[in-house]
Amino acid sequence: MITERDQLQPSYTNLIKERDQLQTSYNSIITERDQLQTNYNSIITERDQLQTSYNSIITERDQLQTSYNSIITERDQLQTSYNSIVTERDQLQTSYTNLIKERDQLRTKYTNLTTEKQLQFKIQQTAKEELQSRYNTMRNQMDLLQRERNGLQQKLNDIYTNNARGWLYFRSSFYYISAEKKNWDDSRQYCRERGADLVIINSREEQEFLANVVGSIKGIIAWIGLTDRHTEGRWKWVDGSALITGYWGDGEPNDTGEEDCVEFYPVNKKWNDRQCSATDQWICEKSAA
Ligand SMILES: [Ca+2]
Ligand SMILES: [Ca+2]
Ligand SMILES: [Ca+2]
């Protein structure tokens, strides 16, 4: 019997060993399981956190997507607005360019009109000044003519008046030929009382005029305003001037018996010296001016 037990003892010991080993293995496995359990739990926790994180990220992504979509829409609207504004700006630019052109044309027209207007104004001004000048000249001429006419009218009136009183007009002088006879001094006195004096013959024309007039009245012998009674042979007119040209008859003046006064002789229509106390008709002269 013992034998069997002895035989069985190693087996038992082996079994015990084996059991201990199993027990150790078991314990180790338990420990490992526990660790695994712990690891598992930890992983689960981690996974849950990750899930939460994932969910949160998904939500965030969806929100971002929405935001993105909204921004895209907004961008498209802005693009449309921008295009529309660019079109509008181009139209405005065209309008502006046209307006500038129109303004420049208007400015050119205005400048041309202004120049034309100034030119017309100048022409009108010149024409006006010319007309004014011509008017003034004509006015002056008219005034002159009017004065001349008045002067002539006055002269004509004088001529009529003097003619009516027996005075003849010739070259700005009136002449009176008397019908009576007086000596030289009384003859001169007669003239002076009428604003005249005995005639002074100071041109060939005057000599010829008087020759014609005196020659037309038959038998007339008339005193003229010439004498040498102050200095013999030095002939002086009644205004004190010296005789320059005389129209003497042949052989005259001859001073036959103190002949110091001069008469107009009708036969030869020349002059003769005669005694101043003799009586003759006479010729007065006064200025018509
Ligand atoms: Ca005279
Ligand atoms: Ca004499
Ligand atoms: Ca004589």
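This is a short dialogue about reading the fold of a predicted model.

Me: Where do I start: how many helices and strands does the protein have?

Reply: Begin by listing the elements. In this predicted model, the protein has 3 helices and 8 strands. Along the sequence they run α-β-β-α-β-α-β-β-β-β-β. The radius of gyration is 79 Å, well over the 19 Å that the globule rule gives for 289 residues, so the protein is more spread out than a compact globule.

Me: What box do the C-alpha atoms fill?

Reply: Taken along the principal axes, the box is roughly 250 × 35 × 30 Å. As for burial, 13% of the 289 residues count as buried.

Me: Now a helix, please. Which residues of α2 are buried?

Reply: Helix α2 covers residues 184–192, and its buried residues are W184, S187, R188 and C191. Seen down the axis of α2, they fall within an arc of 95 degrees, so they line one face of the helix. Those buried residues pack against strands β3 (197–198), β4 (222–227), β6 (261–265) and β8 (281–287).

Me: And why might I look for a nonpolar core?

Reply: Here is the general idea: in soluble globular proteins, nonpolar side chains tend to be buried together. In this structure, the largest nonpolar core has 24 residues, and L198, W223, I224, F264, I283 and C284 touch the most other members. The elements giving two or more residues to this core are β2 (173–177), α2, α3 (204–216), β4, β6 and β8.

Me: Which residues is I283 in contact with, leaving aside its neighbours within four places in sequence?

Reply: The contacts of I283 include Y175, Y176, I177, L198, L210, W223 and F264.

How values were computed
Residues numbered from 1 in each chain as written. Chains lettered and ligands numbered in written order. Predicted model: local features only at pLDDT ≥ 70, side-chain atom pairs only at ≥ 80, totals over all residues. Helix = DSSP H or I, 4+ residues; strand = E, 2+ residues; numbered from the N terminus. Rg over C-alpha atoms; globule rule 2.2 N^0.38 Å. Buried ≥ 20, exposed ≤ 12 C-beta atoms within 10 Å, placed from the backbone. Arc of directions from axis to C-beta. Contact = placed C-beta atoms within 7 Å. Core = buried A, V, L, I, M, F, W, Y, C linked by C-beta atoms within 7 Å.
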